[in-house]
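Colleague: I would like a close look at one part of this model. Please keep it plain and take it step by step.

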Amino acid sequence: MCGIVGYIGNREKKEIILNGLRELEYRGYDSAGMAVIQNDELKSFRAVGKLTNLESKLENLSFDGFGIAIGHTRWATHGSPIEINAHPHLGKISAVIHNGIIENYKELRTELQSLGISLNSQTDTEVIVHLFEYYARSMSAKEAFSAMIERLKGSYAILLITTLQSDRIFYAKQHSPLVIGIDSKNDDMVFLASGDSALVGLVDRVVYLDDGSVGSIARGEFSSLSGAREFSFDRVSAKKDGYRFFMEKEIYEQEYVLLETIRGRVSSDDFRLDELDSEFFTRFRSIVICACGTSYHSALVGKYLIERKARVRVSVHIASEFRYAKPVLERDELFIAISQSGETADTLQALKLAKESGLLTLSICNVDNSSMSRLSEYVILTRAGIEKGVASTKAFATQVMVLWIFAIMLGIKRNVIDSKDIKSEAKAMLNAISACGVKSEMHEKIKRLSKRYLHGHGFFFIGRDVFYPLALEGALKLKEISYLHAEGYPSGEMKHGPIALADSELFTLALMPKNLLYDKNKSNVLELIARDSTICAITPLEFDLADDVVKIPLYDSYMEEFFSMMVILQLLALEIAIRLGNDVDMPRNLAKSVTVE
């Protein structure tokens, strides 16, 4: 995740850019930078670490008078967090900032080098500015920018400034957020950002750019953009970007953060995890995964995926039980610890035990330089960005995605997966990310449905295979924020005891994917219907016997269905909790990062 800010106008540009980046710093704080063009002169400043380091560099500088400026705060992906990899990236007469991934950057990098153009960083972003300047040798800046964008594959929000046209900012958007705004009382200024919070107090009209948007803007040109709307957030609500709760905002963010998760790791015909060297895959024969809460549920999904796709044996353990059970650990096992914060005490202690026992260790977490990241031999970051809602949503989604990528990588290394499978898995991943996009009509349906599920004596969430841990996660979300009793079960376990609770006041959320064990699931649901349980089926197929049906689109793979159903369960828990009058972001008795046993 990266934060992007742009400005055109007469006001002091340093403060506008820094204030905007300060609001977006939760998106990344490995480095920050700013570029300014005034009087046809380009100046750029970059600093490693948090935004305060850039502020110190700029302390004695001011940029009054007309000019253009762009700023960026970075979450490091391509290349380590050092100054040469920080944004903006510079050509001779231009500067660019970027959030996203340029999937074909290696191909473009090779092409540019063959033309005698030197690139200095390890990032994918740098090719953008050099490709633009190459085209600008023989065409206008507008034509060069369009020609450059046509060469890019991937996801991006791009802002570029150049002395060739020092009165405007060039922009492009594909799968990453970008908004343009003005103050209608003074349209002599233009503001651009990757998040609403950077624009609060500065603008009252905005345009949220659509995917495929490519263009440039100068003063007085805002009215030429389509889709303008009023912008009236105050500073407090802007931190939620207009959503009622951080949890709601984070549910909506999942599509974007999953794109960050796969950035540099997945393309149409290739998988890579640069965090893992070639030696890594030869050092173990089986896997132990340890986690707590939501991360435990993602670990269970990982077990299904790794065993199915890589044919490697996996055992999953609840971290709080693991080290007290005197576990038998083998030196040819890989120990994977999963935690959003990287500071979860139970998981951290289990990791220490594994390391002391001589196991190869890998952490999957969201925080670089956390205790778990420092302790493990290998680390894969989920890139979920800051998650403020206590009830985890995008952390779960990104952990599952990392485990899916890991399973495919392991299958490739073990020669279980061929090139055809690679392409189909990559396609399924991209479709699964799209399935996380929240449609307004779906959210409205769930909001209306939620009022029917506020009473009763409990909830069953049921599913098979990977949908069993998803059922566990759905039940946990509901428990955490609604305080209603809910349990997740494998569908086939109903008849082994839990079905004794079934009656009309027991609500069952049945996960019924088309592409995985549909008939088996249906049989188990029919058993509950025969005992008069109230059924809410989540499925792409018609199911007239259910009391309620939430239909998802028809997908080609069960993992696409998984991510679609995940969002529905999160939204349902959210809407039930809101109807009950609960504080969704700060549920009682819970904390975001559990650093005690």
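Which strands does helix 14 lie across, and at about what angle does helix 14 run to strand 25?

Modeller: A word first: this is a predicted model. Now to your helix. Helix 14 covers residues 440-450. It lies across strand 24 and strand 25. Its direction is at about 160° to strand 25.

Next, look at the sheet that holds these two strands. The sheet is open and has five strands. Their order is 22-21-23-24-25. The pairing is parallel. Strand 22 (486-490) and strand 25 (548-551) are the edge strands. Each of these two pairs on one side only. From one strand to the next, the twist averages 20°. In general, strands of a sheet pair through backbone hydrogen bonds, either parallel or antiparallel.

Now take strand 24, which helix 14 lies across. Strand 24 spans residues 534-539. Six of its six residues are buried. Go through them face by face. On one side sit T534, C536 and I538. On the other sit I535, A537 and T539. All of these are buried, and both faces of the strand are covered.

Strand 24 also has a partner in strand 23 (residues 506-511). The two pair in the parallel sense over five bridges. To find the match on screen, start at A510. A510 stands opposite A537 in strand 24. A537 is one of the buried residues named above.

Move along to another pair in the sheet. Strand 21 (residues 458-463) and strand 22 pair in the parallel sense over five bridges. Here I462 stands opposite Y489 in strand 22. Strand 22 is an edge strand.

For a helix against a helix, turn to another place in the model. Helix 7 (residues 246-262) packs with helix 17 (residues 558-579). The angle is about 165°, and the axes are 10 Å apart. That angle makes helix 7 roughly antiparallel to helix 17. Their crossing is right-handed. From helix 7, the residues in the contact are M247, E248, I251, Q254 and L258. They meet F563, M566, V567, Q570, L571 and L574 in helix 17. By class, this contact has eight nonpolar, two polar and one charged residues.

So your part reads like this, going back to the start. Helix 14 lies across strand 24 and strand 25. Strand 24 is mostly covered, and strand 25 is an edge strand of the sheet.

Definitions and conventions: Residues are numbered from 1 along each chain as its sequence is written. This is a predicted model: local features need pLDDT of at least 70, side-chain atom pairs count only at pLDDT 80 or more; totals for chains, interfaces and linings use all residues. Side-chain values use heavy atoms; hydrogens and water are left out. Axes are lines fitted to C-alpha atoms, for helices over the stretch in contact, and angles run from 0 to 180 degrees between N-to-C directions. Helices (H or I, at least four residues) and strands (E, at least two) are DSSP runs, numbered from the N terminus. Angles under 35 degrees count as roughly parallel, over 145 as roughly antiparallel, 65 to 115 as roughly perpendicular and the rest as oblique. A crossing is left-handed if the near helix is turned anticlockwise from the far one by less than a right angle, and right-handed if clockwise. Contact means heavy atoms within 4.5 Å. Ala, Val, Leu, Ile, Met, Phe, Trp, Tyr, Cys and Pro count as nonpolar, Asp, Glu, Lys and Arg as charged, and the others, Gly among them, as polar. Buried means under 20% relative accessible area, exposed over 50%, partly exposed in between (1.4 Å probe, protein chains only). Two strands pair if DSSP finds at least two bridges between them.
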